[in-house]
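This report goes through a sheet, a nonpolar core, a few chosen residues and a surface patch. Please keep the sequence and the structure in view while reading.

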Amino acid sequence: MKKRGMSLVEVLVASAIIMTSVVSIIGAYGGLTKLSLDNMPRIQSAMLLEEGAEALRLMRDSGWTAHIAPLGENAPYRFVWSAGQWRATTSPALIDSKFSRTFTLAPVYRDATTYDIVQTGGTLDSGTKKATVSVSWNQKGVTTTQSIELYVYNTFNN
């Protein structure tokens with residue numbers, strides 16, 4: 001009899017250990033899934049930022065004079081895909097009903113001797129613009145914004 005009673009206690013202890021392990025694993029999985037879902041907008045915004053930088057390069061490549069030069073400095077623009085190419089627009093639009101992506105262009109000044117880009121002084125370089133692409137979204141009542149800066153140069157002198 002003692003052996004049977006002892007086996008029952010062993011089974012109960014083993015079952016408790018196994019159940020505790022299973023509950024812990026399920027809890028960890030749930031927590032990691034929540035973190036993953038909370039991080040998804042950051043990943044999507046990073047992709048939208050990269051797409052925005054690439055859209056600016058494509059606009060430059062398809063005609064600096066037509067697509068980049070006429071845009072106002074420090075004015076917010078959005079990208080629109082139209083007639084097989086990217087264009088700038090001032091019309092507000094959401095991506096996936098969640099993300100707002102804008103870009104601004106700023107003038108670039110260069111040192112007259114070294115031709116290095118300078119923050120103050122220097123000579124205006126009309127063939128280069130400093131671009132800032134920003135993506136913002138609202139998550140849990142808080143607006144988050146990510147942005148990147150790049151220089152766009154009239155590579156093809158078009």
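Helices (H or I, at least four residues) and strands (E, at least two) are DSSP runs, numbered from the N terminus. By that scheme, Leu150 belongs to strand 6 (residues 142–153). The model is predicted, with local features needing pLDDT of at least 70 and side-chain atom pairs pLDDT 80 or more, while totals for chains, interfaces and linings use all residues. Residues are numbered from 1 along each chain as its sequence is written, and side-chain values use heavy atoms, leaving out hydrogens and water.

**Sheet.** Two strands count as paired if DSSP finds at least two bridges between them. Four strands make up an open sheet, in the order 4-3-5-6 and with antiparallel pairing. Its edges are strand 4 (117–118) and strand 6, each of which pairs on one side only. Strand 3 (residues 100–110) is joined to strand 4 by two bridges, and the two run antiparallel. Tyr109 sits opposite Val118 of strand 4.

**Core.** A nonpolar core is a set of buried Ala, Val, Leu, Ile, Met, Phe, Trp, Tyr and Cys residues joined through side-chain atoms within 4.5 Å. The largest one has 21 residues, of which Leu56, Met59, Phe79, Phe103, Leu105 and Val133 touch the most other members. Helix 1, strand 3, strand 5 (123–139) and strand 6 each supply at least two residues of this core. Helix 1 contributes the most, six residues.

**Single residues.** Buried means under 20% relative accessible area, exposed over 50%, and partly exposed in between (1.4 Å probe, protein chains only).

| Residue | Element | Relative accessible area and class |
|---|---|---|
| Val13 | helix 1 (residues 2–61) | 47%, partly exposed |
| His67 | helix 2 (residues 64–67) | 12%, buried |
| Leu150 | strand 6 (residues 142–153) | 13%, buried |

Contact means heavy atoms within 4.5 Å. Leaving aside neighbours within four places in sequence, His67 contacts Met59, Ser62, Gln85 and Arg87. On the same basis, the contacts of Leu150 include Ala53, Arg57 and Val133. Leu150 and Ala53 are 97 residues apart in sequence, yet their C-alpha atoms are 7.7 Å apart.

**Surface patch.** Val9, Val13 and Ile17 make a nonpolar surface patch of about 260 Å². Patch residues have over 30% relative accessible area and no salt bridge, and nonpolar side chains are joined within 5 Å (like charges within 9 Å). A salt bridge is a side-chain nitrogen of Lys or Arg within 4 Å of a carboxyl oxygen of Asp or Glu. Accessible areas come from the Shrake-Rupley method with a 1.4 Å probe, and for residues only the protein chains shown count as cover.
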